[in-house]
Amino acid sequence: MQVADRCVVSIHYTLTNDAGEVLDSSQGGEALAYLHGQGSIIAGLESALTGKQAGDKLDVRVEPAQGYGERDERLIQQVPRRAFQGISEVQAGMRFQTQGANGPSSVVVTQVAGDMVTVDGNHPLAGQSLNFNVEIAEVREASAEEVEHGHVHGAGGHAH
Ligand code: ZN
């Protein structure tokens with residue numbers, strides 16, 4: 001069957017950036033299973049998979065607007081070190097969950113200078129073009145329960 005809304009699609013994928021570095025891959029592990037048409041994977045990849053079928057292999061290039069968005073310089077902020085209570089040594093590369101106006105988000109420390117800490121709330125892949133090499137392992141109709149829950153049950157999905 002062809003990939004369409006309300007299908008469960010299982011894919012193997014390798015994601016590389018424009019420098020050819022592998023950012024993520026399902027190779028050697030379980031295929032990623034998702035419910036198609038729900039925005040549970042990035043828009044550019046989801047639309048490229050529509051109409052494809054099991055066994056198809058495709059290379060999909062996703063620009064930031066259809067991926068994790070452009071980098072937003074307003075998400076880079078300086079905060080005083082005392083904001084990190086209970087953390088003895090704040091270092092570049094540390095990742096923290098914060099409670100913002102739009103719900104929880106994740107920031108990474110990019111610089112520590114004196115008493116000021118620079119944090120970046122952009123998604124790590126924001127502003128990057130993403131190159132997916134995809135092989136479709138399986139396409140099946142979603143169960144009514146999966147559609148109701150909005151996620152996949154069983155292999156590669158929710159176990160509950
Ligand atoms: Zn469920």
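How many helices and strands does the protein chain have? In this predicted model, the protein chain contains two helices and nine strands. A zinc ion is bound through H149, H151, H153 and H160, and the arrangement of the donor atoms is tetrahedral.

**Fold and overall dimensions**

- Read from the N terminus, the elements follow the order β-β-β-α-β-β-β-β-β-β-α.
- The radius of gyration is 19 Å, well over the 15 Å given by the globule rule for 160 residues, so the protein chain is more spread out than a compact globule.
- Along the principal axes, the C-alpha atoms occupy a box of roughly 60 × 35 × 30 Å.

**Contacts and surface**

- Of the contacts between residues at least 6 apart in sequence, 61% connect residues at least 24 apart.
- Buried residues account for 33% of the 160 residues in the protein chain.
- The protein chain has an accessible surface of about 9500 Å², and carbon and sulfur atoms contribute 47% of this area.

**Zinc site**

- Coordination is through ND1 of H149 and through NE2 of H151, H153 and H160, at 1.9 to 2.1 Å.
- The angles subtended by the four donor atoms are 98 to 121°, which makes the arrangement tetrahedral, because four donors count as tetrahedral if all angles lie between 85 and 135 degrees.
- Along the chain, the donors are spaced as H-x1-H-x1-H-x6-H.
- H149 belongs to helix α2 (residues 144-149), whereas H160 lies in the segment after α2, eleven residues apart from H149.
- H149 is partly exposed, with a relative accessible area of 34%, while H160 is exposed, at 65%.

Conventions
Residues are numbered from 1 along each chain as its sequence is written. This is a predicted model: local features need pLDDT of at least 70, side-chain atom pairs count only at pLDDT 80 or more; totals for chains, interfaces and linings use all residues. Side-chain values use heavy atoms; hydrogens and water are left out. Donors are N, O and S atoms within 2.8 Å of the metal (3.2 Å for Na, K and Ca); water is not among the atoms, so sites may look incomplete. Four donors count as tetrahedral if all angles lie between 85 and 135 degrees; four count as square planar and six as octahedral if opposite donors are over 155 degrees apart and all others between 65 and 115; anything else is irregular. Helices (H or I, at least four residues) and strands (E, at least two) are DSSP runs, numbered from the N terminus. Buried means under 20% relative accessible area, exposed over 50%, partly exposed in between (1.4 Å probe, protein chains only). The radius of gyration is taken over C-alpha atoms; the globule rule is 2.2 Å times the number of residues to the power 0.38. Contact means heavy atoms within 4.5 Å. Accessible areas come from the Shrake-Rupley method with a 1.4 Å probe; for residues, only the protein chains shown count as cover.
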